[in-house]
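Hi there,

Here is the structure I promised to pass on. Please open it next to this message, and I will walk you through what turned up.

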Amino acid sequence: MEFVILFAVIAGIVFFVFSSAYSSIPFLPTHSRDLTTVIKKLNLKKDQVIIDLGAGSGTVIFAAATEAHKKGLNTEFIAIDINFLLVIFMWMRSWFHPHRNHITVLQGDLFKMDYERMIEPYQNILFYMYVSPWVTDTLAELIQETKKPVSLLSYRYPVKKMKPIETAGGEHKLYSYEINY
């Protein structure tokens, strides 16, 4: 039992150290009380791709993939994070997930990803982000550069340069945006 506690403490320290060393965006999981609202607002449907920017441990992606699997949807999920420990954790989770053939986990810098190429094969695109308030506008601008109509959900922090089409309440707010071209 002491070994398990020691391992958990060391793992927590390693997560904290590596999370802040690799990114200016801290690892903060989506609040469990808001998860149902987030999944509902993802509006899961057939022939859709959902891209989680700064996916962390994959809380949202895996819950949404479970729901898509239950509904028999072919929804694709892409989880992106820079922290290789969190990415390894998500890869392992994806191996055992019933919707695993529709889950892609990528390790990379959110500010250097080629979103235009990533979303090229899709028509129904939704980006989900729970990132620091000082980077929401930058990521929204990168998404706009794809010049494709997309939906964007931002958890907890609004995109200051855009007006949300809807705001959902909960432990933290969820801001919905539509980017049209």
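**The chain as a whole**

The accessible surface of the protein chain comes to about 9,900 Å², and carbon and sulfur atoms account for 59% of that. Please keep in mind that this is a predicted model. The chain has 181 residues, of which 44% count as buried. If you count its elements, you will find six helices and seven strands. Following the sequence from its start, they come in the pattern α-α-β-α-β-α-β-α-β-α-β-β-β. Among contacts between residues at least 6 apart in sequence, 70% join residues at least 24 apart.

**The sheet**

The seven strands form an open sheet, and its pairing is mixed. Going across, the order is β3-β2-β1-β4-β5-β7-β6. The edges are held by β3 (103–107) and β6 (166–168); each has a single partner strand, so one side of each is left without a neighbour in the sheet. On average, neighbouring strands are turned by 20° against each other, direction ignored.

Two helices that pack on this sheet are worth finding on your screen. Helix α3 (residues 59–71) touches β1 (48–53), β2 (76–81), β3 and β4, and its direction makes about 175° with that of β2. Helix α6 (residues 136–144) touches β1, β4, β5 and β7 (174–179), with about 170° between its direction and that of β5.

As a reminder, strands of a sheet pair through backbone hydrogen bonds, either parallel or antiparallel. Both kinds can be seen here. Strands β4 (residues 124–129) and β5 (residues 150–155) run parallel and are joined by four bridges. In this pair, Leu 126 stands opposite Ser 151 of β5. Strand β5 also pairs with β7, this time antiparallel, through six bridges, and Ser 154 stands opposite Tyr 175 of β7.

Strand β7 has β6 as a partner too: the two run antiparallel and are joined by three bridges. Here Glu 166 has Ser 176 in β7 as its bridge partner. Five residues lie between the strands in this hairpin, where Gly 170 takes a positive phi near 160°. Is β7 mostly covered or mostly open? It is mostly covered, with five of its six residues buried.

**Salt bridges**

Side chains of opposite charge can pair when their charged atoms come close. The structure holds four salt bridges, and I will describe some of them.

Glu 171 and Arg 33 meet through their side chains, at 3.5 Å from N to O. This pair links distant parts of the chain, 138 residues apart: Glu 171 sits in the loop between β6 and β7, and Arg 33 in the loop between α1 (2–22) and α2 (35–41). Glu 171 is partly exposed, at 40% relative accessible area, while Arg 33 counts as exposed, at 60%.

Glu 166, which we met above as the bridge partner of Ser 176, also forms a salt bridge with Lys 41, their closest N and O atoms being 2.6 Å apart. Because Lys 41 lies in helix α2 and Glu 166 in strand β6, the pair ties together parts that are 125 residues apart in sequence. Both ends are partly covered by the cut-offs used: Lys 41 counts as partly exposed at 22% relative accessibility, and Glu 166 is partly exposed at 36%.

The closest N and O atoms of Glu 141 and Lys 161 are 2.8 Å apart, which makes this pair a salt bridge as well. Glu 141 belongs to helix α6 and Lys 161 to the loop between β5 and β6, so parts that are 20 residues apart in sequence are tied together. Glu 141 is partly exposed, at 34% relative accessible area, whereas Lys 161 is exposed, at 61%.

**A nonpolar patch on the surface**

Which residues make the nonpolar surface patch? They are Phe 84, Ile 88, Phe 89, Trp 91, Met 92, Trp 95 and Phe 96, and the patch comes to about 740 Å². Met 92 is found in helix α4 (residues 84–95). With a relative accessible area of 40%, Met 92 is partly exposed.

Happy browsing, and best wishes!

Methods:
Residues are numbered from 1 along each chain as its sequence is written. This is a predicted model: local features need pLDDT of at least 70, side-chain atom pairs count only at pLDDT 80 or more; totals for chains, interfaces and linings use all residues. Side-chain values use heavy atoms; hydrogens and water are left out. Two strands pair if DSSP finds at least two bridges between them. Axes are lines fitted to C-alpha atoms, for helices over the stretch in contact, and angles run from 0 to 180 degrees between N-to-C directions. Contact means heavy atoms within 4.5 Å. Patches are made of residues with over 30% relative accessible area and no salt bridge: like charges are joined within 9 Å, nonpolar side chains (Val, Leu, Ile, Met, Phe, Trp, Tyr) within 5 Å. Accessible areas come from the Shrake-Rupley method with a 1.4 Å probe; for residues, only the protein chains shown count as cover. Buried means under 20% relative accessible area, exposed over 50%, partly exposed in between (1.4 Å probe, protein chains only).
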